[in-house]
Amino acid sequence: MTWIGARGLFAIVYTTSVASVYFALGVVAGRALGLTPLVFLVGGLFFGLAGMTYAEGAAGHPEAGGSTVFARYAFNELVSFVTGWAVILDYVIVLAATALAATGYLGTLWSPAGSGLLRFALAAGIVGFVVVTNVRGLSPFRLSRRVVIAFGDIAVQLLVVVLGLALVFHPGALADSVDLGTTPSWSDLVFALTLVTVAFTGLEAAASLSAEVRIERRDLRRLMGGGVAVIVLVYLGISLVAISALPVEHGRTALGGRWEDAPLVGVVRQFHPHWLAEAMSWIVAVSGTVALVAAANSAMLGVSRLAYSLATNRQIPSALGRLSQRFGTPWVLIALSGVFAVALLIPTDLEFLVGIYAFGAMLAFTIAHVSIIRLRYREPDRPRAFRVPLGVRIGGGEVPLPAAFGAVLSAAAWVSVLILHAPARYVGVTWMAFGLVLYVAYRRGGGKPLLGRVTIPAQALRYEAPEREFGSILVPIFGEPLDDDIVQTAGRLAGRTRAESDEEGDATIEAIWVFEVPLSLPLDARLPDAQVRRARAALARAKSVGEEYEGVQVQTAMTRARRAGQGIVHEAKRRGVEAIVLAAEEPSRIRGGSLLGGSGGPLDNSVGEVTKHVIRKAECRVILTAAPVEVVAAATAETTAEPASGSSAEPSPKAPGTGDPAR
């Protein structure tokens, strides 16, 4: 893993946030006209509010996923998924928008690149480059390169601001071009305020990397103060220079017309003398192209971390979050994001893309702000490296006023996008509806709760080479938390085998629930409804966990026996399985007579005794996982003298909960 420090974190935020000025300037100015500097100033302040919220959330819960993590701990998995699905849409749009904008700046260096089919092909090529780069993953060298790009871009943009203020800035021209309500209209002004939020993707990308960040508290505070100030300064300075260089005439500005695809080139073209304008146009074209490609990389980096979070929390099918065996990156969703981004390039319309972005961004930011407020009540004593300031006591908790203000603004902006931008309304709502249907079908189909958290380990998302071949494995299920680990162990063994095998069909896990029937009752006595429901729920969960593994099918069944060990051995022999995966984690795991109205206490024969019986009597291999050394030692010492043919005990040296079998 590549650890990210303060400079690397700033580079990721900056390359996505301020690089958006290279294309957002033209789109925003086309709507805001003479009020473009005011819109960027308000956007910068809004960025500061969102930045504080994301800093507190990521510091409190440093996990991959960004705002989807805040929503999970504040609310539930459904709200978390809604947030994550909206953010994925935004990442893909930023990928498409930055690739398209990069071709606009390339057009300054080579005119055919800025128009026609060649423009589409080059933009698609940039997307392909970003996909390949992110499948390979983040390395220290690539991270250091982004730091260099970020600081180089800061230098270029500040140079544009300084030269522009000296050469073309005319304060009077700004005021004279504004006729509020007409030039611009109220609807255009409100829409422009939502468009400027395209700069905020860097916050999501940075927050999604919080599990990989190593940064001191003072550095985080410095980043929140100085880093945000630099971004706001660049926003405001460039917009002031831009409207002065290409002022509003007859209700229009060339920033949103001729120069919409490369607005900063249009700005520096107005500098004088001519040689300076020519030199700066080349410098800005090169810097803009490089910065926009870096921004596309940062957006895709966010996709990879968010895909990992959604897949390991079983919010999307594991097939979508499949990890590359070589690089450990979610290559399937990265590739699909690239395909979707290329599809969005077809209209070659930046305003179309940025408008759709605002839909997802405002929804995600609203949920993020509200989540931080709710977490102040749910986790009041949780240590946080950063806290949003200006909190007030209300009820039993503290409400951070910046987060509350940000939530209100975000919600209002989201509603305005729905009203004012038809493409965002239709594409955004369709995207969210599709995601909700996918989520509900996936969760219900696997017997998983809609609101509760269900996780799988990262290993379940990988293809791994086989170490042993078990085409069929028996797994006893007891309705305990450790069941997931045992099924995951069996899934990895079976999945590895079938993934590399030439045989057709799936490997099979036989998940069984053994009802222990006391001797005082006939073996076919009626079972309590509550216990049957419990068994069915546990088996359904085992099926959904096991089938997350490639090439694995889980069969479930309920059986009866006088003793659990006898029932396990009998079923293994009857079904002809090649191995039994069994846990021996704590003595009171398996409960006895209470199932049919007995005493309700743990079996006199502890799990250790059941395990020893299975090892002694089973005619296939027995694999123990997550077992304390002393339990396994006692079991193996008693059974090594006369083991049953073909059986062996394999205690795991790993800590409980890892789900790794002994080798």
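H250 sits in the loop that links α11 (217-245) to α12. In this predicted model, H250 has a phi near 55°, a positive value for a residue that isn't glycine. Is H250 buried or exposed? With 84% relative accessibility, H250 is exposed, because anything over 50% gets that label. As background, most residues other than glycine have a negative phi, and most peptide bonds are trans.

R314 also has a positive phi, about 55°, and R314 is not a glycine either. You'll find R314 in the loop between α13 and α14. R314 has a relative accessible area of 0%, so it counts as buried.

While we're on backbone oddities, have a look at the peptide bond between H272 and P273: it is cis, with omega at about 5°. P273 belongs to the loop between α12 (263-268) and α13.

**The whole protein**

Stepping back, the secondary structure adds up to 22 helices and 8 strands. The protein has 663 residues, and 57% of them are buried. If you take the contacts with a separation of 6 or more, 80% of them are between residues 24 or more positions apart.

**Around the α13-α14 loop**

Back to the loop between α13 and α14, which also holds Q315. Q315 comes out at 0% relative accessibility, so it is buried. What does the side chain of Q315 have 3.2 Å from one of its polar atoms? That's the backbone oxygen of E77. Ignoring neighbours within four places in sequence, Q315 has a long list of contacts: T68, R72, E77, S80 and F81, then S309 and L310, and finally Y439, Y442 and R443.

F327 is in that loop too, between α13 (274-312) and α14. Its relative accessible area is 34%, which means F327 is partly exposed. Setting aside neighbours within four places in sequence, F327 touches V135 and R136. The C-alpha atoms of F327 and V135 are 7.0 Å apart, although 192 residues separate the two along the chain.

Next comes helix α14 (residues 331-345), where S337 is located. S337 is at 4% relative accessibility, so it counts as buried. Its side chain gets to within 2.8 Å of the backbone oxygen of L333. Beyond its neighbours within four places in sequence, S337 contacts V92, L95, M300 and V303.

Here are the accessibility values for the residues picked out so far.

| Residue | Relative accessibility | Class |
|---|---|---|
| H250 | 84% | exposed |
| F327 | 34% | partly exposed |
| S337 | 4% | buried |
| R314 | 0% | buried |
| Q315 | 0% | buried |

**Two helices packed on α16**

Now for some helix packing. Two packed helices are described by the angle between their axes and the distance between the axes.

Start with helix α3 (residues 36-60) and helix α16 (residues 401-420): their axes come within 9 Å and cross at roughly 120°. That angle is why α3 is called oblique to α16. The crossing of α3 past α16 is left-handed. Which residues of α3 and α16 meet? From α3 you have F46, L49, M52 and T53, and from α16 there are P402, A403, F405, G406, L409 and S410. The residues in this contact split into 7 nonpolar and 3 polar, with no charged ones.

Helix α9 (residues 186-195) packs on α16 as well, at an angle of about 125° and with the axes 10 Å apart. These two are therefore oblique to each other. α9 and α16 make a left-handed crossing. On the α9 side, S187, V190, F191 and T194 take part, meeting A413, S416, V417 and L420 of α16. This contact is made up of 5 nonpolar and 3 polar residues, and again none is charged.

In α9, the buried residues are L189, F191, A192, T194 and L195. What covers them? The cover includes α2 (21-32), α3, α15 (350-378) and α16. So if you're tracing this part of the model, α3 turns up both among the elements covering α9's buried residues and as a packing partner of α16.

Technical notes:
Residues numbered from 1 in each chain as written. Predicted model: local features only at pLDDT ≥ 70, side-chain atom pairs only at ≥ 80, totals over all residues. Heavy atoms only, no water. Axes fitted to C-alpha atoms, helices over the stretch in contact; angles between N-to-C directions. Helix = DSSP H or I, 4+ residues; strand = E, 2+ residues; numbered from the N terminus. Parallel < 35°, antiparallel > 145°, perpendicular 65-115°, else oblique. Left-handed = near helix turned anticlockwise from the far one by under 90°. Contact = heavy atoms within 4.5 Å. Nonpolar A, V, L, I, M, F, W, Y, C, P; charged D, E, K, R; others polar. Buried < 20%, exposed > 50% of the residue type's maximum accessible area, 1.4 Å probe, protein only. Polar contact = N/O pair within 3.5 Å; in protein donor to acceptor, adjacent residues only side chain to side chain.
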